[in-house]
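Hi,

Here is the structure I promised to pass on. Have a look at it, and my notes on what turned up are underneath.

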Amino acid sequence: MATLILALFFLFLLSLCISLLISVIGMAFGLVGLAFKLLPAVAVILVGLFFAQGGHVRRGENGNVTLELPSSWRRRR
């Protein structure tokens, strides 16, 4: 009888660990989904900052596109 109770206890602990793992995986997928929902807004904000601070997009004769970063965005060496 004691071994049955011990076995049931360990099965309960195992099911608890499995449910915790599934919950953590679900939360991770939820965060990834939230990041994908926010991605267009972040892109619009970055494009707005790019042009508001003086960034330019130039197209060459052969179709190449060149982004000229604002002077405030350049690396300082």
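Leu31 counts as exposed because its relative accessibility is 61%; the cut-offs are under 20% relative accessible area for buried, over 50% for exposed and partly exposed in between, with a 1.4 Å probe and protein chains only. Leu31 sits in helix α1, residues 2-52. Leu31 also belongs to a nonpolar surface patch, together with Leu34, Leu38, Val42, Ile45, Leu46, Leu49, Leu69 and Trp73, and their joint accessible area is about 840 Å². For a patch, residues need over 30% relative accessible area and no salt bridge; like charges are joined within 9 Å, nonpolar side chains (Val, Leu, Ile, Met, Phe, Trp, Tyr) within 5 Å. A salt bridge here is a side-chain nitrogen of Lys or Arg within 4 Å of a carboxyl oxygen of Asp or Glu. Areas are Shrake-Rupley with a 1.4 Å probe, and for residues only the protein chains shown count as cover.

Before you go further: this is a predicted model, with pLDDT of at least 70 required for local features and 80 or more for side-chain atom pairs, while totals for chains, interfaces and linings use all residues. Numbering runs from 1 along each chain as its sequence is written, and side-chain values use heavy atoms, leaving out hydrogens and water.

On the overall fold, the chain has one helix and two strands, in the order α-β-β. These are DSSP runs numbered from the N terminus (helices H or I, at least four residues; strands E, at least two). The radius of gyration is 27 Å, against near 11 Å for a compact globule of 77 residues; that is over C-alpha atoms, with the globule rule being 2.2 Å times the number of residues to the power 0.38. Along the principal axes, the C-alpha atoms fill a box of roughly 85 × 30 × 20 Å. Just 4% of the 77 residues count as buried.

Strands β1 (56-59) and β2 (65-68) run antiparallel and are joined by four bridges; pairing takes at least two DSSP bridges. Arg59 has Val65 in β2 as its bridge partner. Five residues separate the strands of this hairpin, and Gly63 in the turn has a positive phi of about 95 degrees.

Lastly, the whole structure holds two aromatic pairs. Phe50 and Phe51 are edge-to-face, because their ring centres are 5.0 Å apart and the planes at 80 degrees. (Rings of Phe, Tyr and Trp, its six-membered ring, pair with centres within 6.5 Å; planes under 30 degrees apart are stacked, over 60 edge-to-face, the rest tilted.) Phe50 is buried at 9% relative accessibility, whereas Phe51 is partly exposed at 46%.

Cheers
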